[in-house]
Amino acid sequence: MSDAPILMLSPMAPHVIESLDGAFALKKAWEAPDREAFLAEVGPTIRGLAMAGHARVDGAFLDRFPKLEIVSSFGVGYDHIDAAEAGRRGVMVTNTPDVLTDEVADLAIGLLLSTLRHLPQVDRYLRAGKWLEKPYPLTPTLRGRRIGILGLGRIGKAVARRLEGFGVEIAYHGRSKQEGVPYRYYPTLVDMARDVHVLLSVAPGGAETDRMIDATVLQALGPDGVLINVGRGTVVDEPALVEALRAKTILSAGLDVFADEPRVPQALIDMDHIVLLPHVGSASVETRRAMGQLVVDNLASWFDGKGPLTPVAETPVRR
Ligand code: NAP
Ligand code: 8YV
């Protein structure tokens, strides 16, 4: 139990709210009739933030909280948070790695198979009564395909382990070759795209990866190529992807993430041969609960003087 004022901007899961309400002086911004007046009043006192969603946390945002010590963020990706700027100010940022790795990897495999074997389209076909007329046309296959993973981190490796069971060849691209990894490394993304049949992205968002899957990479992937993206939408040049799908430069795509969520380009929605999911990689009851608990546990550990449990790389670990 601490009297530290913690701010939650928008409602998180009930168990997170209850835990933080019990352990801290929790301030709930969404309950305030005048949010701006509320933030102006409590902002100078706030020592911790519990955050869900992808609202931008930058210098201007941090200016409102001069006593802030820690931002405990829900989700492993934190490209919406300027963690380097937080670090410069001595503000700790934590995320929720590991607890969602297997869930997202499972979803990636499901999305890959759904895209290749047209599972959503086949379901729609049956429901429309079309099976009574004739069988669904034959689909592409996973058999014999080489898979190139962009971003062989925690989730990328969990995807690769699952793919080993499918008997397919696996390669990867990242900023550097990893020791002890049995898959072929490509120093450039375009070379990997040229050699594989499926480009599966689990790379984080941010300036470094912004639109790195561009028209050149899609051209290299080729007319039999499939793009699966469960990382961040900003990693893909979306207009170039739309054009590649339209022009059949690539065969298909399975996307869980988009550049401007929850807005999805109408051109993608209108294409029946691709599979689109509303960013549900980690969205099971159990995994979201574990992520929420880690948001709470990071705050509890910090204000107990035990340091953060899962700090991001850019921020200082202080006690
Ligand atoms: P991670 O362990 O940090 O892995 C990220 C990988 O990306 C690293 O292996 C890194 O390899 C690579 N990478 C980073 N910058 C790169 C660059 N500029 N070029 C090429 N590769 C780069 O993170 P994780 O836990 O696996 O999560 C990965 C991402 O998945 C998250 O950041 C998030 O955006 C996304 N995600 C999505 C969902 C969903 O619901 N769809 C759920 C969870 C996470 P190198 O260091 O070798 O470059
Ligand atoms: C979350 C994610 O749904 O962890 C991530 O990076 O993309 C997802 O698990 C998202 O961050 C919550 O808004």
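Leu-7 stands opposite Leu-49 in E3, and that pair is a handy way into this predicted model. The two strands involved are E1, residues 5–8, and E3, residues 48–51, which run parallel and share three bridges.

**The five-stranded sheet**

Zoom out from that pair and you get an open sheet of five strands, ordered E2-E1-E3-E4-E5 and paired in parallel. Its edges are strand E2 (25–28) and strand E5 (92–94), each pairing on one side only. From one strand to the next, the twist averages 20°. Helix H12, residues 285–303, lies across E1, E3, strand E4 (70–73) and E5, and its direction is at about 160° to E4.

**The seven-stranded sheet**

There is also an open sheet of seven strands, again with parallel pairing, in the order E8-E7-E6-E9-E10-E11-E12. Why is one side of E8 and of E12 left without a neighbour in the sheet? Strand E8 (184–185) and strand E12 (275–276) stand at the edges with a single partner strand each, so there is nothing in the sheet on the other side.

Further in, strand E6 (residues 146–150) and strand E7 (residues 169–173) pair in the parallel sense through five bridges. If you want a spot to click on, Ile-149 has Tyr-172 in E7 as its bridge partner. Helix H5 (residues 101–117) packs on this sheet, where it touches strand E9 (198–201), strand E10 (226–229), strand E11 (252–255) and E12. The direction of H5 makes about 150° with that of E10.

**Two backbone oddities**

Two loops are worth a look. In the loop between E5 and H5 sits Asp-98, a residue other than glycine with a positive phi, near 70°. The other loop, between E11 and helix H11 (266–269), holds Pro-262. The peptide bond leading into Pro-262 from Glu-261 is cis, with omega near 0°.

**The ligands**

Now for the bound molecules. Ligand 1 has 26 residues around it, and the closest are Arg-154, Ile-155, Arg-175, Val-230 and Asp-256. By class, that shell divides into eleven nonpolar, ten polar and five charged residues.

What surrounds ligand 2? The list runs His-54, Phe-74, Gly-75, Val-76, Gly-77, Leu-100, Arg-232, His-279, Ser-282, Arg-288 and Met-291. Sorted by class, the shell of ligand 2 has four nonpolar, five polar and two charged residues. Arg-288, part of that shell, belongs to the stretch covered by H12 (residues 285–303).

Here are the polar contacts to both ligands, side by side:

| Residue | Protein atom | Ligand atom | Distance |
|---|---|---|---|
| Ile-155 | backbone N or O | oxygen of ligand 1 | 2.8 Å |
| Val-230 | backbone N or O | nitrogen of ligand 1 | 3.0 Å |
| Arg-232 | polar side-chain atom | oxygen of ligand 1 | 3.2 Å |
| His-54 | polar side-chain atom | oxygen of ligand 2 | 3.2 Å |
| Gly-77 | backbone N or O | oxygen of ligand 2 | 2.8 Å |
| Arg-288 | polar side-chain atom | oxygen of ligand 2 | 2.9 Å |

How much of each ligand does the protein bury? Ligand 1 exposes 920 Å² when taken alone, and the protein buries 86% of that. For ligand 2 the area taken alone is 330 Å², with 87% buried by the protein.

Arg-232 is a good residue to finish on. One of its polar side-chain atoms lies 3.2 Å from an oxygen atom of ligand 1, and Arg-232 is also among the residues that surround ligand 2.

Note on methods
Residues numbered from 1 in each chain as written. Chains lettered and ligands numbered in written order. Predicted model: local features only at pLDDT ≥ 70, side-chain atom pairs only at ≥ 80, totals over all residues. Heavy atoms only, no water. Near = heavy atom within 4 Å. Polar contact = N/O pair within 3.5 Å; in protein donor to acceptor, adjacent residues only side chain to side chain. Areas by Shrake-Rupley, 256 points an atom, 1.4 Å probe, with all protein chains shown as cover. Nonpolar A, V, L, I, M, F, W, Y, C, P; charged D, E, K, R; others polar. Pairing = 2+ DSSP bridges. Helix = DSSP H or I, 4+ residues; strand = E, 2+ residues; numbered from the N terminus. Axes fitted to C-alpha atoms, helices over the stretch in contact; angles between N-to-C directions. Contact = heavy atoms within 4.5 Å.
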